[in-house]
Amino acid sequence: MSNDNNAEEQLYAQHKKEKKDLQAKIQVLKKSICKGDKKKKKEVTEEIAKLELDLNRKHDEEVAQLKLSEVKIDNCDDQDTNGSDDKCDDNEKEIKPTVRVSKAQKRREKKETAEKERNQRILEQEALNVHGKRHIETQAIKNILLKRDLMIHEVPSDGHCLYNAVAHQLKAIDHSSLLGHVDLRQKTAVHLRENSDSFLPFIANPDSDDLLSDEQYEKYCDDVAKTSTWGGDIELQVLSNVLKCPIEVIQASGAPYLVGSEFESERKLTLTYHRHMYHLGAHYNSVTKYVKAAES
């Protein structure tokens with residue numbers, strides 16, 4: 001019985017840690033929302049709901065499996081330490097086999113049903129994955145990269161993906177590069193402030209079709225520098241200007257597009273753009289030299 005208690009305690013401790021980790025991830029997602037960005041807020045809310053549902057479902061399945069693994073046998077079903085069954089009276093002896101078989105059968109049926117449902121969910125999910133937008137898009141990008149002897153280098157989906165992808169490319173070209181996403185965010189924000197006339201006309205208020213006011217533009221720059229706000233086309237152009245090098249972006253459909261073609265540089269950064277990589281939507285990854293073992 002103590003082993004069962006230990007297993008149950010360990011499982012609940014694991015669940016508690018996983019819930020704590022999820023809450024930390026949720027906080028990161030919430031911080032990625034720009035104030036007034038209703039579309040991003042809706043997407044984040046949906047993603048959080050999905051994460052919580054998936055974790056609760058996983059925990060329920062694990063608890064069910066634990067319960068199924070616990071064998072509950074009545075005292076009269078066990079032999080005493082002397083190997084005798086005489087402690088049960090005649091009536092109990094008569095009904096004992098029936099009760100024991102019934103419980104065992106119920107356990108087997110319950111376990112089989114749970115296993116069938118689990119396998120069905122796995123098959124359904126695999127079917128969705130194979131025919132889903134994310135899988136199709138990723139395979140298309142992989143095929144494009146393969147022709148260049150390249151492969152996807154995944155970066156976390158934490159709001160810093162553009163900056164982390166660029167940092168990875170810089171490190172791959174120059175191993176001495178120390179620029180990380182924090183440095184690149186700071187440089188991007190500075191360039192935006194110093195060249196507001198060039199960028200302000202192209203940034204609209206997410207709540208309306210109006211251009212940003214000076215105060216709103218300053219807030220936009222602060223978010224770029226200090227938060228995990230997702231970077232897009234504007235930030236991509238700024239990074240190309242700041243680093244004085246072209247940045248090529250490969251996507252599943254259409255020709256790759258090049259930002260900063262005016263820069264004559266020996267280094268060209270290559271990123272991949274995914275519209276369906278994560279539930280939240282758009283995502284940037286870096287690339288690296290193709291390695292067959294890593295793709296298998």
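The exercises below, each with a worked solution, concern a predicted model of a protein.

**Exercise 1. Overall content**

Task: State how many helices and strands the protein has, and what share of its residues counts as buried.

Solution. Start with the secondary structure: there are 10 helices and five strands. Next take burial: 31% of the 296 residues count as buried. For the surface, the protein exposes about 19,100 Å², and 51% of this area comes from carbon and sulfur atoms. Last, consider contacts between residues at least 6 apart in sequence: 61% of them join residues at least 24 apart.

**Exercise 2. The nonpolar cores**

Task: Find which residues have the most contacts inside the largest nonpolar core, and which elements supply at least two residues of this core.

Solution. The largest nonpolar core holds 32 residues. Inside this core, the most contacts belong to Val 166, Leu 184, Leu 192, Tyr 217, Leu 236, Leu 271 and Tyr 284. At least two core residues come from each of the helices α5 (161-173), α6 (181-194), α8 (214-226) and α9 (233-243), and from each of the strands β2 (247-251) and β4 (269-278). The element that gives the most is α5, with seven residues. A second, separate core has seven residues, among them Leu 22, Leu 29, Ile 48 and Leu 55.

Now take Leu 236 as a worked case. With neighbours within four places in sequence left aside, Leu 236 is in contact with Leu 162, Ile 247, Val 249, Tyr 257, Val 259, Leu 271 and Tyr 284.

**Exercise 3. Two helix pairs**

Task: Decide whether α5 and α9 are roughly parallel or antiparallel, then do the same for α6 and α8.

Solution, first pair. The axes of α5 and α9 are 11 Å apart, and the packing angle is about 30 degrees. Angles under 35 degrees count as roughly parallel, so α5 and α9 are roughly parallel to each other. Their crossing is right-handed. On the α5 side, the residues that meet α9 are Leu 162, Tyr 163, Val 166 and Leu 170; on the α9 side they are Glu 235, Leu 236, Leu 239 and Leu 243.

Solution, second pair. The axes of α6 and α8 cross at roughly 165 degrees and come within 7 Å. Angles over 145 degrees count as roughly antiparallel, so this describes α6 and α8. The crossing is again described as right-handed. Residues of α6 in the contact include Thr 188, Ala 189 and Leu 192; those of α8 include Tyr 217, Cys 221 and Val 224.

**Exercise 4. Buried or exposed**

Task: Classify Thr 188, Glu 262, Lys 244 and Asp 149 as buried, partly exposed or exposed.

Solution. Thr 188 lies in helix α6. Its relative accessibility is 0%, and buried means under 20%, so Thr 188 counts as buried. Leaving aside neighbours within four places in sequence, Thr 188 is in contact with Tyr 163, Val 224, Glu 235, Val 238 and Leu 239.

Glu 262 lies in the loop between β3 (257-259) and β4. Exposed means over 50%; at 54% relative accessibility, Glu 262 is therefore exposed.

Lys 244 sits in the loop between α9 and β2. At 52%, Lys 244 is exposed. Although not a glycine, Lys 244 has a positive phi of about 55 degrees. The C-alpha atoms of Lys 244 and Glu 262 are separated by 9.1 Å, with the two residues 18 apart along the chain.

Asp 149 belongs to the loop between α4 (133-146) and β1 (150-153). With a relative accessible area of 35%, Asp 149 is partly exposed. Asp 149 is not a glycine, yet has a positive phi of about 60 degrees.

Definitions and conventions:
Residues are numbered from 1 along each chain as its sequence is written. This is a predicted model: local features need pLDDT of at least 70, side-chain atom pairs count only at pLDDT 80 or more; totals for chains, interfaces and linings use all residues. Side-chain values use heavy atoms; hydrogens and water are left out. A nonpolar core is a set of buried Ala, Val, Leu, Ile, Met, Phe, Trp, Tyr and Cys residues joined through side-chain atoms within 4.5 Å. Buried means under 20% relative accessible area, exposed over 50%, partly exposed in between (1.4 Å probe, protein chains only). Helices (H or I, at least four residues) and strands (E, at least two) are DSSP runs, numbered from the N terminus. Contact means heavy atoms within 4.5 Å. Accessible areas come from the Shrake-Rupley method with a 1.4 Å probe; for residues, only the protein chains shown count as cover. Axes are lines fitted to C-alpha atoms, for helices over the stretch in contact, and angles run from 0 to 180 degrees between N-to-C directions. Angles under 35 degrees count as roughly parallel, over 145 as roughly antiparallel, 65 to 115 as roughly perpendicular and the rest as oblique. A crossing is left-handed if the near helix is turned anticlockwise from the far one by less than a right angle, and right-handed if clockwise.
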